[in-house]
Amino acid sequence: MNRIESAFKNKKAFIPFITAGYPNINKTEDFIYKMVSAGADLIEIGIPFSDPVAEGPVIQEASQKALEAGTNLDNIFELVKNVRKNISIPLVFMTYINPVFKYGYDNFFNRCSSIGIDGIIIPDLPFEEKNEISQFAKKYDIKIISLIAPTSEDRIKQIAKDAEGFLYIVSSMGVTGIRNEIKTDLKSILSSVKKTTSIPAAIGFGIHSPEQAKEMSKIADGVIVGSAIIKIIKEYGTNADKHIYNYVKRMKESM
């Protein structure tokens, strides 16, 4: 059993997201440890990028500030290398195709493998173009996490059939960010997915409250939260540790 599978084994997975380097690279490491101790089952580490098309204003701002602070791929790799010495839960990168392409596909996935990254999410890589990187990901045993959006209706089964690691179910149209109400027929999407694959499916985009996490965990195998955590970091900066811990603990317990 690989690490991603173990995150969903006999439980609902809580998956927090954090932007690497925000407010600085050392605090990112501290925050990851806090999330793990609070009960996170898998952590998504965002690689800051100048044009994060899938992100709302909260994560866009965090990305920009991380880049301004000098965050780059090499110091993110070092961060993960340090973190991996101390934790065993799965770690997944969230990034865009441009940084991966610039670093070199083989170099990037080789480095991911050597530091203990388990998977990668690339929102601007269409399913049809996945083959561009799949040979390199397979070579180094890095799972490519596919996204299923509300507009993917005709392609749900096709994407699900090819899935590995886990499936990222996008709760709503648009970019990431807190939503008070999620109106998408997620039950229908999850039903189609479950008929096609046994790969776990986690819901993300817009979830921020324990009540939402509880509801989503009834129909999905996991819940992904990003913007709400980045907002806590924006409010408390380098003193956000205990606030992140309390938030993650509340969310996990609600599920």
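1. Helix axes are here lines fitted to C-alpha atoms, for helices over the stretch in contact, and the angles run from 0 to 180 degrees between N-to-C directions. On that basis, in this predicted model, helix H6 (residues 105-115) and helix H7 (residues 131-139) pack with their axes 9 Å apart and at an angle of about 35°. The crossing in which H6 passes H7 is right-handed. On the H6 side the contact is made by Tyr105, Asp106 and Phe109, and on the H7 side by Glu132, Ile133, Phe136, Ala137 and Lys139.

2. A second helix pair can be described in the same terms. H10 and helix H12 (residues 241-254) pack at an angle of about 35°, with 8 Å between their axes, and the crossing of H10 and H12 is right-handed. Here Pro210, Ala213 and Lys214 of H10 meet Arg250, Met251 and Ser254 of H12.

3. The strands form an open sheet of 9 strands with parallel pairing, in the order E5-E4-E3-E2-E1-E9-E8-E7-E6. Its edges are strand E5 (143-145) and strand E6 (147-148), each of which pairs on one side only. Strand E1 (residues 13-19) runs parallel to E2 and is joined to E2 by 3 bridges, and in this region Phe17 stands opposite Glu44 of E2.

4. Asp41 deserves a separate look, and one may ask where Asp41 is placed relative to helix H2 and strand E2. Asp41 sits in the loop between helix H2 (25-37) and strand E2 (43-46). With a relative accessible area of 9%, Asp41 is buried, because buried means under 20%. The side chain of Asp41 reaches the backbone nitrogen of Phe14 at 2.8 Å. Not counting residues up to four places away in sequence, Asp41 touches Ala7, Lys11, Lys12, Ala13, Phe14, Ile89, Pro90 and Lys252.

5. Another charged residue to inspect is Lys27, which lies in helix H2. Is Lys27 buried or exposed? Lys27 has a relative accessible area of 13% and is therefore buried. Leaving aside residues up to four places away in sequence, Lys27 touches Thr238 and Asp241.

6. The structure holds 11 aromatic pairs. In the pair of Phe101 and Tyr105, the ring centres are 6.0 Å apart and the planes stand at 65°, so the pair is edge-to-face. The two residues should be read separately for accessibility: Phe101 counts as exposed at 56% relative accessibility, whereas Tyr105 counts as buried at 11%.

7. The pair of Tyr168 and Phe205 is also edge-to-face, because the planes of the rings are at 85°, with the centres 5.9 Å apart. This pair links distant parts of the chain, 37 residues apart, with Tyr168 in strand E7 (residues 167-170) and Phe205 in the loop between strand E8 (201-204) and helix H10 (210-219). Both Tyr168 and Phe205 are buried.

8. Finally, the aromatic residues can be viewed as a group, and the question is which residues form one aromatic cluster. The members of the cluster are Phe77, Phe93, Tyr103, Phe108 and Phe109. Of these, Phe109 also belongs to the H6 side of the contact between H6 and H7, which offers a convenient way to view the cluster and that helix pair together.

Note on methods: Residues are numbered from 1 along each chain as its sequence is written. This is a predicted model: local features need pLDDT of at least 70, side-chain atom pairs count only at pLDDT 80 or more; totals for chains, interfaces and linings use all residues. Side-chain values use heavy atoms; hydrogens and water are left out. Helices (H or I, at least four residues) and strands (E, at least two) are DSSP runs, numbered from the N terminus. Buried means under 20% relative accessible area, exposed over 50%, partly exposed in between (1.4 Å probe, protein chains only). A polar contact is a pair of N or O atoms within 3.5 Å; within protein, one must be able to donate a hydrogen and the other to accept it, and residues adjacent in sequence count only if both atoms are side-chain atoms. Contact means heavy atoms within 4.5 Å. Two strands pair if DSSP finds at least two bridges between them. Rings of Phe, Tyr and Trp (its six-membered ring) pair if their centres lie within 6.5 Å; planes under 30 degrees apart count as stacked, over 60 as edge-to-face and the rest as tilted. A crossing is left-handed if the near helix is turned anticlockwise from the far one by less than a right angle, and right-handed if clockwise.
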